[in-house]
Amino acid sequence: MTVHEVELGRAGIRCSSLALGTAGIGNLFREVSDSDAADTLEVSRSAGVSYFDTAPHYGLGLAETRLGKFVSDVGRDSLVLSTKVGRLIRDNPHADGGWDDQGFMVSNQVHRVLDYSYDGVMTSLEESLQRLGVDSVDIVFVHDPDEHEKEALEGAFPALDKLRSEGTIRSYGAGMNQSEMLARFVRDTDLDVVMCAGRFSLLEQPALDDLLPLAVERDVSVVAAGVFNSGILATESPAEGAHYDYAPAPPDVLARAQSLAEVSSAHGYSLPQVAAQFPYLHPAIDVVCLGARNGSQASRNIALFDVEVPRSFYEELAHQGLISSDALAY
């Protein structure tokens, strides 16, 4: 399997089957130099990645700013860009010279203000376009509206519908770490693409019960993110202390990851390779989004697709009860 071109959503967007997520170059968990951030973006592009996903949340605007510099260097026309709305970046009245309190190694001089209202979304996108240095983006996701479903339905989605009708964006959807609410958005709005993080991975497949069948029915594209479940599937041999859903993995989760690693190795594949290719088994999923913070990590992501993991191997995992057989129903 190699990185190839796919159609995403219903607006005729053509992009790479692998996307680069930019949380890493927004200084997630550690500082990243400008040169490493630039290398991450360039190595990805040179390997055929044309889709780059970002958000104001990532480094309090840093990821968007770094991506914007890259866009100005290589040109807008060759890239597909998505960003997110729901968090405005504002001066922090409680700034104390320390770091951001949500995992990004950036100053807390500014902070996030949650706003899923119509006006908030319009303002958020305008500010993202300024940081990116572009007049439009291809896709906008409503970002993690878990506790704000009503506001998103009444404010954010109507705003995005207007922006799409005006041509400022081509597609819209939502990006979340759950599948249930995404399924409701697929049913109740006119979105045509969603980003689902961690809920259809080699380790667990709850999106099979709600989101994915509905996405097929409604012709909605799904971008699979979080395919390593916060890191536990990102190494060949998961060890105690490995992270799952942003916390140390419980013993049963770690044991299942270790079993997946052992079977993968016995068949000549690495666990990250098997995990990265797994989401493509489902016809609703067109794109897998992986993060990186330097050129070496970006190269490693590309290399995960050098050898295709055959469907027969995933059938063996299902036979052993390590993945749901429903993942292979299509």
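**A buried alanine, an eight-stranded barrel and its salt bridges**

Ala276 is buried, with a relative accessible area of 0%. The model examined here is a predicted one. Ala276 sits in helix H8, which spans residues 271-277. Leaving aside residues up to four places away in sequence, Ala276 touches Val227, Phe228, Val288, Leu304 and Phe305. One of these contacts, Phe228, is 48 residues away along the chain. The C-alpha atoms of Ala276 and Phe228 are nonetheless separated by 7.5 Å.

The strands were considered next. Eight of them form a closed barrel with parallel pairing. The order around the barrel is S3-S4-S5-S8-S9-S10-S11-S14. From one strand to the next, the twist averages 25°. Helix H4 packs on the sheet, where it touches S8 and strand S9 (171-176). The direction of H4 makes about 145° with that of S9. Strand S3 (residues 18-21) pairs with strand S4 (residues 51-53). That pairing is parallel and rests on three bridges. Within it, Leu20 has Phe52 of S4 as its bridge partner.

Strand S10 covers residues 193-197. Five of its five residues are buried, so S10 is largely enclosed by the rest of the structure. In a regular strand, side chains alternate between the two faces of the sheet. Both faces of S10 are covered. Val193, Met195 and Ala197 are buried on one side. Val194 and Cys196 are buried on the other.

S10 has a parallel partner in S9, to which two bridges join it. In this pairing, Gly175 stands opposite Met195 of S10. S9 and S10 also belong to a right-handed β-α-β unit, together with helix H5 (residues 180-188). S10 pairs with S11 as well, again in the parallel sense, over five bridges. Here Val193 stands opposite Ser221 of S11. With helix H6 (residues 211-218), S10 and S11 make a right-handed β-α-β unit. S10 thus takes part in a unit with H5 and in a unit with H6.

Charged side chains were then examined. The count comes to 22 salt bridges. One of them links Asp138 and Arg76, with the closest N and O atoms 3.0 Å apart. Asp138 lies in the loop between helix H3 (118-132) and strand S8 (139-143), and Arg76 in the loop between helix H2 (62-74) and strand S5 (80-85), so this pair ties together parts that are 62 residues apart in sequence. Asp138 has 5% relative accessibility and counts as buried. Arg76, at 21%, counts as partly exposed. That value falls in the partly exposed class because buried means under 20% relative accessible area.

A second pair lies within a single helix. Glu166 forms a salt bridge with Lys162, and their closest N and O atoms are 2.9 Å apart. Both residues belong to helix H4 (residues 149-166). They are four residues apart, about one turn of the helix. Glu166 is partly exposed, with a relative accessible area of 46%. Lys162 is also partly exposed, at 37% relative accessibility.

Glu7 and Arg14 form another salt bridge, with the closest N and O atoms 3.6 Å apart. Glu7 is partly exposed at 41%. Arg14 is partly exposed at 40%. Elsewhere, salt bridges join into a network. Its linked residues are Arg10, Asp161, Arg164 and Asp190.

Backbone angles complete the picture. Ser230 is not a glycine, yet its phi is positive, near 70°. The loop between strand S11 (221-225) and strand S12 (243-244) holds Ser230. Ser230 counts as partly exposed, at 31% relative accessibility. Tyr246, likewise not a glycine, has a positive phi of about 70°. This tyrosine lies in the loop between S12 and strand S13 (247-248). At 59% relative accessibility, Tyr246 counts as exposed.

Key: Residues are numbered from 1 along each chain as its sequence is written. This is a predicted model: local features need pLDDT of at least 70, side-chain atom pairs count only at pLDDT 80 or more; totals for chains, interfaces and linings use all residues. Side-chain values use heavy atoms; hydrogens and water are left out. Buried means under 20% relative accessible area, exposed over 50%, partly exposed in between (1.4 Å probe, protein chains only). A salt bridge is a side-chain nitrogen of Lys or Arg within 4 Å of a carboxyl oxygen of Asp or Glu. Contact means heavy atoms within 4.5 Å. Two strands pair if DSSP finds at least two bridges between them. Axes are lines fitted to C-alpha atoms, for helices over the stretch in contact, and angles run from 0 to 180 degrees between N-to-C directions. A crossover is right-handed if, with the strands pointing away from the viewer, the path from the first strand over the helix to the second runs clockwise.
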